[in-house]
There are 2 protein chains.
Amino acid sequence: MSVLQEISQNVKSIKQLDYAVLARRANQIQKELSQGVRKPYKELIDLCWGDPHSMDVKPLTFVRQVLAACVYPELMSSHKLPLDVRQRAQWLLGRCDGGSVGSYLAPTGIPEIVQRMSESIRRRDGGVPCNPDNIFISPGSQWSLTVLVNNEAPLRTGILTPVPCHVTTIMSIKSLGAAVIPYFLSEEHGWALQVEELQRALESAKGGCNPVALYVINPGNPAGYVQSRKSIQEVIQFASEKRLFLLADEVYQDCVYGKNSEFVSYKRVLAEMGPPFSDTVEVASFHSVSKGFMGECGLRGGYVELVNLDPNVVKYIFNLICKDSTTPVLAHFAMDLMMNPPRPGDPSYPLYNQVRNAAKHQEHVVNSLPGFSCQPVEGGAFVLPRVFLPPRAIQKAKEEGMQPDTFYCMRLLEEMGVLVSPGCEYGQKEGTYHIRYNIKNKLHFITT
Amino acid sequence: MSVLQEISQNVKSIKQLDYAVLARRANQIQKELSQGVRKPYKELIDLCWGDPHSMDVKPLTFVRQVLAACVYPELMSSHKLPLDVRQRAQWLLGRCDGGSVGSYLAPTGIPEIVQRMSESIRRRDGGVPCNPDNIFISPGSQWSLTVLVNNEAPLRTGILTPVPCHVTTIMSIKSLGAAVIPYFLSEEHGWALQVEELQRALESAKGGCNPVALYVINPGNPAGYVQSRKSIQEVIQFASEKRLFLLADEVYQDCVYGKNSEFVSYKRVLAEMGPPFSDTVEVASFHSVSKGFMGECGLRGGYVELVNLDPNVVKYIFNLICKDSTTPVLAHFAMDLMMNPPRPGDPSYPLYNQVRNAAKHQEHVVNSLPGFSCQPVEGGAFVLPRVFLPPRAIQKAKEEGMQPDTFYCMRLLEEMGVLVSPGCEYGQKEGTYHIRYNIKNKLHFITT
Ligand SMILES: Cc1ncc(COP(=O)(O)O)c(C=O)c1O
Ligand SMILES: Cc1ncc(COP(=O)(O)O)c(C=O)c1O
């Protein structure tokens with residue numbers, strides 16, 4: 001066929017996930033259950049995904065009321081909606097052409113919203129300045145990676161990437177034609193990011209690709225670690241020395257619950273370190289309305305803030321974003337609601353605060369069950385316990401053509417009706433096996 | 001700087017639009033007006049954009065009510081919303097994990113919605129079968145072009161592209177690293193697409209790139225032509241002969257108002273032609289909630305239907321779409337509302353029908369003013385009259401470093417407070433000049 005040859009090799013390299021096998025089987029089981037087939041369980045429990053709403057966590061009323069009023073402004077004429085909801089909706093609509101969420105946005109997005117975002121970031125970072133011109137709203141946080149990869153250079157762009165890692169990032173990097181340079185997080189040290197390991201990974205890449213960027217996830221996913229200030233400083237020093245662009249995936253910044261953990265942004269630590277670091281190390285920091293206390297994955301809204309980038313590069317990135325213009329107006333609005341939530345005294349504050357805290361303090365420590373070992377969970381939305389599989393299970397998995405942990409997950413699904421995802425999906429040290437499941441849901445069945 | 005070199009050449013090649021100069025000046029004028037500066041006009045009129053809502057055209061109540069109820073389901077408990085609105089919202093939410101628009105969608109999208117879309121397409125095409133597996137929802141219709149370009153082949157991918165052409169398409173093609181092969185529409189023949197011209201363009205590309213696709217816009221933008229069945233047959237024959245992939249941008253399919261014009265889809269004509277055409281010529285047909293009678297540009301929802309593609313290619317495209325997953329849940333819902341609007345007998349039908357017809361029958365014929373000549377407008381949302389500029393104006397434009405038609409637009413903006421866009425933005429025959437403006441708005445000042 002004529003076109004097959006024309007489809008880029010990058011796209012071809014995207015493979016089906018192991019998870020897909022599990023998901024397909026889960027769908028079948030669901031059908032069987034609804035047809036009355038008898039199983040040891042009545043309902044399937046899906047703990048794979050990171051979206052709280054699919055786990056029956058309620059969305060924030062304030063957020064949904066404002067968005068509904070924006071979609072259907074007639075709602076504002078009734079007094080059923082709190083005053084601050086109506087005011088916010090009015091303000092947001094006033095930022096759109098024709099006062100409608102159905103208008104195209106100007107390429108720059110909505111300047112007033114970006115301005116307010118920059119103020120909110122400045123507050124988060126204890127006053128470190130934030131230039132609105134460096135903030136770009138995108139359809140989800142993952143999207144922005146696109147601009148950072150050059151697929152025309154003689155040597156492939158290399159990106160240092162953690163193992164284990166959020167799987168979508170790996171797919172994005174690969175499909176953009178860049179090379180993944182894996183560095184291993186140290187499970188024994190609570191999944192810590194160690195500079196010696198970065199060093200080793202960088203050395204190993206020599207000749208094969210051109211390493212230009214270092215991707216870090218903090219707080220972590222799938223492993224729920226939170227980096228300390230000191231750890232961040234070390235990473236920044238390393239990036240500075242090796243002239244690496246820092247891609248800081250900070251989408252879980254509002255999900256920290258370790259008793260001694262605190263989220264500090266890469267940008268803030270960079271500023272605190274002072275020159276030469278603070279004015280040379282290039283950072284892109286990602287955030288998303290999918291995560292945090294909002295959990296609005298379906299709206300597709302994220303942003304990237306660029307630090308220390310050459311204004312010429314920023315201009316190119318701007319042009320790229322203009323060209324695609326795929327971020328919906330409601331995602332821009334949601335960003336405003338995430339960065340500027342109701343304040344004490346606002347009519348919506350009490351309810352908002354109650355729900356938000358419930359989500360925030362959902363502390364969770366995985367108990368040690370026989371055959372499991374789990375690092376403390378400090379942040380993020382997932383836990384990644386190690387599973388010690390007996391040799392017989394590993395042998396059986398091989399016979400069925402599955403990864404051992406996929407095999408374990410399949411058993412868990414068949415016998416207990418619980419869907420979790422296998423560690424092989426995210427990368428793991430050879431000979432170790434893990435499962436990942438979501439902790440931001442109502443059911444903590446495994447530990448209880 | 002380290003990263004500048006790493007930004008892909010494709011991204012660098014995206015240039016600022018001429019239009020940006022005009023938009024900047026328009027912003028200034030807006031400010032001046034609000035500061036009380038005296039001008040020959042009190043208000044600025046922006047006729048550049050294609051989004052009806054920014055032109056104060058009202059969104060469809062049915063659409064907005066359903067979406068609001070989906071965002072904030074508490075609205076359904078009141079009986080203020082019509083029954084069919086509540087039923088549709090309930091049905092749509094039932095298709096999401098956790099019944100929330102805040103959930104991630106499965107990579108396949110929502111199968112029941114895609115199924116309903118396929119039925120609607122089948123009805124549109126007089127019964128020509130439509131396979132839901134070939135339909136992909138994307139964040140706006142423009143996005144889907146991405147998958148069709150191979151930037152690793154030794155010779156650049158070439159795409160035959162009309163002149164004049166929707167400017168975003170040109171930018172997308174270029175930034176993907178593909179080559180634009182311009183073919184001229186014949187202005188004297190009502191902007192007709194002529195096969196001899198396709199032939200000439202294809203010949204001219206020989207050696208420079210590898211022409212694999214032919215992009216057509218029907219109904220047209222910026223030129224408001226509607227292709228006849230015969231014209232489509234000729235294009236299909238040409239594509240078949242030259243083994244070209246047909247990219248049929250059909251987003252204006254619901255905007256046809258020429259007395260003797262009718263929209264017929266490429267897919268339908270292909271089926272009617274029978275073998276060998278009907279089972280070999282590869283077509284991608286695009287549609288979007290931004291256009292048609294909905295005009296919901298801000299939601300970012302579009303789809304592509306693939307015809308006669310090798311299932312292996314379809315699989316790659318599917319993987320690519322999975323990877324990015326940037327289409328918001330509400331865009332999926334909007335798609336369902338566009339493809340399955342209220343029917344006679346539904347409570348929302350009368351109001352819906354009234355507004356929809358008002359939009360549809362907004363017939364518009366541009367009068368001949370001195371210095372203007374305009375082809376009849378049969379469809380789409382824009383008109384592209386030719387402007388005959390005196391040599392002195394052309395000279396003056398050169399002195400100011402502007403394209404002559406940009407210069408004309410700037411004058412129109414300064415002196416009359418009217419913002420339209422210059423033909424040079426879309427491409428035009430050398431020595432000819434045009435302006436483009438939107439006709440789907442309340443104000444038809446130029447002709448009245
Ligand atoms: C590390 C990480 N980054 C980003 C995202 C969110 O992506 P998006 O903003 O595109 O929904 C996730 C979602 O699970 C994630 O785990
Ligand atoms: C020819 C053409 N295709 C597509 C689009 C719509 O793009 P989208 O669906 O991304 O909003 C437009 C918008 O003006 C257009 O004119």
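**Tyrosine pairs, a charge over a ring, and a ligand**

Reader: Is Tyr352(A) buried or exposed?
Author: In this predicted model, Tyr352(A) has a relative accessible area of 6%. The cut-off for burial is under 20%, so Tyr352(A) counts as buried.

Reader: How does Tyr349(A) count, and at what relative accessibility?
Author: Tyr349(A) sits in helix 12 of chain A together with Tyr352(A), 3 residues away, or about one helical turn. Burial needs a value under 20% and exposure one over 50%. Tyr349(A) falls in between, so it is partly exposed, at 22%.

Reader: How many aromatic pairs are there over all chains, by this rule?
Author: Two rings make a pair if their centres lie within 6.5 Å. Over all chains, the count by this rule is 2.

Reader: What kind of pair do the rings of Tyr349(A) and Tyr352(A) make?
Author: Their ring centres are 6.4 Å apart, which is within the 6.5 Å limit. An angle under 30 degrees would be stacked and one over 60 edge-to-face. The planes here stand at 45°, so the pair is tilted.

Reader: Let's go to chain B. How is Tyr352(B) placed, buried or exposed?
Author: Tyr352(B) shares helix 12 (residues 349-360) of chain B with Tyr349(B), 3 residues off. Tyr349(B) is partly exposed at 21%. With a relative accessible area of 6%, Tyr352(B) is buried.

Reader: At what angle are the ring planes of Tyr349(B) and Tyr352(B)?
Author: The centres of these two rings are 6.4 Å apart. The pair is tilted, because its planes meet at 45°.

Reader: Which residue's ring does the charged end of Arg436(B) sit over?
Author: Chain A offers a good way in: there, Arg436(A) lies over the face of Phe382(A), 3.4 Å from the ring centre. In chain B, the charged end of Arg436(B) is 3.4 Å from the centre of the ring of Phe382(B).

Reader: Where does ligand 2 lie?
Author: Of the 14 residues around ligand 2, those that come nearest include Tyr104(A) and Asp249(B). Both chains are named there, and ligand 2 indeed lies between chains A and B.

Reader: How much of the accessible area of ligand 2 does the protein cover?
Author: Start with some polar atoms: a side-chain atom of Asp249(B) is 2.7 Å from a nitrogen of ligand 2, and a side-chain N or O atom of Ser288(B) is 2.6 Å from an oxygen of the ligand. On its own, ligand 2 has 400 Å² of accessible area, and the share covered by protein is 96%.

Methods. Residues numbered from 1 in each chain as written. Chains lettered and ligands numbered in written order. Predicted model: local features only at pLDDT ≥ 70, side-chain atom pairs only at ≥ 80, totals over all residues. Heavy atoms only, no water. Phe/Tyr/Trp six-rings, centres within 6.5 Å; stacked < 30°, edge-to-face > 60°. Helix = DSSP H or I, 4+ residues; strand = E, 2+ residues; numbered from the N terminus. Buried < 20%, exposed > 50% of the residue type's maximum accessible area, 1.4 Å probe, protein only. Lys NZ or Arg CZ within 6 Å of the ring centre and 35° of its normal. Near = heavy atom within 4 Å. Polar contact = N/O pair within 3.5 Å; in protein donor to acceptor, adjacent residues only side chain to side chain. Areas by Shrake-Rupley, 256 points an atom, 1.4 Å probe, with all protein chains shown as cover.
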